[in-house]
Amino acid sequence: MIPMPDMSKPCIAPSLLSANFACLGDEADKLLQGKADWLHFDVMDGRFVPNLSVGIPVLRSLRKVTMLPIDVHLMIVEPDDLLEDFAKAGADTLTVQVEACTHLHRTLQRVRALGCRAGVSLNPHTPIDVLDYVVEGLDFVLVMTVNPGFGGQSYIDACTPKIAEIRRRFPTLPIQVDGGINAKTIAKPAQAGASIFVSGSGVFSHDDYGVAIETLRRIAGQ
Ligand code: DX5
Ligand code: ZN
């Protein structure tokens with residue numbers, strides 16, 4: 001298994017949703033050179049979210065051309081039947097949306113049994129109480145800071161106190177944030193306690209991904 005970075009220090013996870021899919025291997029290489037910590041791989045099914053993206057064949061191809069950990073964010077309904085295929089295709093983490101899981105506890109157990117780190121994602125409106133009952137099966141929580149489905153949206157400020165509340169109630173649980181994270185916004189979730197930062201347009205809108213990643217990491221660490 002590919003070693004995971006220390007999740008207690010600021011980790012930058014560029015979202016490939018904003019990459020050029022015609023040359024995904026080159027994009028992954030530039031992100032490795034630019035010292036990205038994870039590659040964030042967004043899977044959308046047109047049902048849980050009103051958009052489609054990429055899935056298992058693309059993940060399998062990507063796995064062959066990068067040594068970076070691949071962080072798979074499943075924005076799909078009924079993820080259970082596909083977990084094994086995503087794990088075999090090369091996922092290092094599997095994050096499911098709590099709103100899409102009827103038996104979340106069992107789903108997280110399956111993710112770990114498949115050898116992947118388990119994450120659960122909460123939409124902006126979803127309360128954090130569910131974490132009380134599954135925290136022992138979790139490697140991290142993902143707080144969505146936009147409504148999932150599209151890159152390039154604006155950070156929702158109401159999510160900042162939610163991050164702080166998770167940090168207060170679960171002092172050692174790594175918190176990932178996803179949506180609208182860029183050099184202007186990253187300080188808010190960082191100061192509230194997040195340590196893993198997904199950024200799509202915030203990285204890919206720059207000519208030099210390494211500079212963008214370094215800037216995000218520096219601000220997050222202040
Ligand atoms: C949104 C996805 C995100 C998206 C983030 O539904 O889960 O990972 O790519 O894009 P930005 O950083 O542009 O908001
Ligand atoms: Zn995502």
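Colleague: How do the residues of the lining of the largest cavity divide into nonpolar, polar and charged?

Modeller: Happy to start there, with the reminder that this is a predicted model. The largest cavity is lined by 24 residues, and glycine counts as polar in this scheme. Phe150, Gly151, Gly152, Asp178 and Gly179 lie nearest the centre of that cavity. By class, the lining divides into nine nonpolar, 13 polar and two charged residues.

Colleague: Thanks! Which elements give two or more residues to that lining?

Modeller: The space they help to line in the largest cavity is about 200 Å³. Two strands and a helix meet the mark of two or more residues. They are S2, S8 and helix H8 (201-204).

Colleague: Where does ligand 1 sit?

Modeller: A molecule is assigned to a cavity if more than half of its atoms lie within 2 Å of the grid points. Ligand 1 is placed by that rule, and the answer is the largest cavity.

Colleague: Which element gives the most to the shell around ligand 1?

Modeller: The elements with two or more residues in this shell are strand S2 (39-44), strand S3 (70-75) and strand S8 (196-199). With three residues, the one that gives the most is S2.

Colleague: And which residues come nearest to ligand 1?

Modeller: There are 20 residues around the ligand, and by class they are seven nonpolar, eleven polar and two charged. Those that come nearest are Ser15, Gly149, Asp178, Gly200 and Ser201.

Colleague: How far is the polar side-chain atom of histidine 40 from an oxygen atom of ligand 1?

Modeller: Let me set the backbone contacts beside it. A polar backbone atom of glycine 149 is 2.7 Å from an oxygen atom of the ligand, and a backbone N or O atom of glycine 200 also lies 2.7 Å from a ligand oxygen. For the side chain of histidine 40, the distance is 3.4 Å.

Colleague: What share of the area that ligand 1 exposes when taken alone does the protein bury?

Modeller: Taken alone, ligand 1 exposes 390 Å². The part of this area buried by the protein is 100%.

Colleague: One last point: what is the volume of the second largest cavity?

Modeller: The count comes to two cavities of 30 Å³ or more. The second largest is lined by Leu16, Leu17, Phe21, His40, Phe41, Asp42 and Val54, which divide into five nonpolar, one polar and one charged. Its volume is about 40 Å³.

Key
Residues are numbered from 1 along each chain as its sequence is written. Chains are lettered from A and ligands numbered from 1 in the order in which they are written. This is a predicted model: local features need pLDDT of at least 70, side-chain atom pairs count only at pLDDT 80 or more; totals for chains, interfaces and linings use all residues. Side-chain values use heavy atoms; hydrogens and water are left out. A residue is near a molecule or strand if one of its heavy atoms lies within 4 Å of it. A polar contact is a pair of N or O atoms within 3.5 Å; within protein, one must be able to donate a hydrogen and the other to accept it, and residues adjacent in sequence count only if both atoms are side-chain atoms. Accessible areas come from the Shrake-Rupley method with a 1.4 Å probe; for residues, only the protein chains shown count as cover. On a 1 Å grid over the protein atoms alone, a cavity is a set of points where a 1.4 Å probe fits but cannot get out, and a pocket is an open set with protein on both sides within 12 Å along at least five of seven lines; lining residues have an atom within 4 Å of a point. Helices (H or I, at least four residues) and strands (E, at least two) are DSSP runs, numbered from the N terminus. Grid points are joined across faces, edges and corners, and a volume is the space filled by probe spheres set on the points.
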